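Me: Please take a close look at a single helix of this protein chain. I would like a connected account of the helix itself, its buried residues and any aromatic pairing in which it takes part.

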Amino acid sequence: MKILRSKHCINQLTRSIPHGVSLIEMLLMISLISVIFAVGVTMLAFLMRAELQGTARIQKSFNLQRLSNQFREDVAVARKASISTEDNSEILKLNLDAGSNIVYSAGENRNGRFIIREKTFSDQSISRNEYQITELRLQFNIENLKQRQIASLKIIIPPDESSENDTIKLPFRNFDFEAVVNQKHSFAMRVEQ
């Protein structure tokens, strides 16, 4: 009986001693965690870049919409429109009543290119709006049709080849905003592909 008891005690002792993790198992777990972490960080960086590009696209669309509405309103209340060249760029000058003018031109700063709308009275600036639309080319045109003057603003945006994702790219390249001078609520907008 003594012999059985001692074998039984040895079995209980070996069962109660916890088994450790081998070095190979630990290295395998560390490498697996590092692979999962690397994939997660890469996925997070991709999602953040896609979000920034999407936000920039939405902001550009919002600026184009604001610009088109403001341009149509300004042209419709203007008495006369004229195009001139200043510092190698075109400007559109809309003459309102009694010395009040609105001038559209292109500008550039550290954030990129933009369109400037400046309202003046007797050569004093009253207000200035900037519509941030990067990588653009701007053209103004005035047509005379049947004793009416039609002012147009054409924005040419070059194709964006920086991303392979077609959902991030702009669907249109040329925007043409038109309005009849001195004719409130008589305007049109053409978008070309």
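Reply: The account below begins with the chain and then turns to the helix.

The model is a predicted one. Its protein chain contains two helices and nine strands, and along the sequence these elements follow the pattern α-α-β-β-β-β-β-β-β-β-β. Of the 193 residues in the chain, 27% are buried. The accessible surface comes to about 13,900 Å², with carbon and sulfur atoms contributing 57% of that area.

The part chosen here is helix α2, which covers residues 23-77 and has 55 residues. From its first C-alpha to its last it reaches 81 Å, close to the 81 Å expected at 1.5 Å a residue.

The buried residues of α2 begin with Gly54 and continue with Lys60, Asn63, Leu64, Leu67, Ser68, Phe71, Arg72, Asp74, Val75 and Ala76. As background to such a list, an α-helix has 3.6 residues a turn, so residues three or four places apart point the same way.

Phe71 also takes part in an aromatic pair, and the count of such pairs comes to one. Its partner is Tyr104; the ring centres lie 5.4 Å apart and the planes meet at 75 degrees, an angle over 60, so the pair is classed as edge-to-face. The pair links distant parts of the chain, since Phe71 belongs to helix α2 and Tyr104 to strand β3 (residues 100-109), 33 residues apart. Both Phe71 and Tyr104 are buried.

For the chain overall, among contacts with a separation of 6 or more, 37% involve residues 24 or more positions apart.

How values were computed: Residues numbered from 1 in each chain as written. Predicted model: local features only at pLDDT ≥ 70, side-chain atom pairs only at ≥ 80, totals over all residues. Heavy atoms only, no water. Helix = DSSP H or I, 4+ residues; strand = E, 2+ residues; numbered from the N terminus. Expected span 1.5 Å × (residues − 1). Buried < 20%, exposed > 50% of the residue type's maximum accessible area, 1.4 Å probe, protein only. Contact = heavy atoms within 4.5 Å. Areas by Shrake-Rupley, 256 points an atom, 1.4 Å probe, with all protein chains shown as cover. Phe/Tyr/Trp six-rings, centres within 6.5 Å; stacked < 30°, edge-to-face > 60°.
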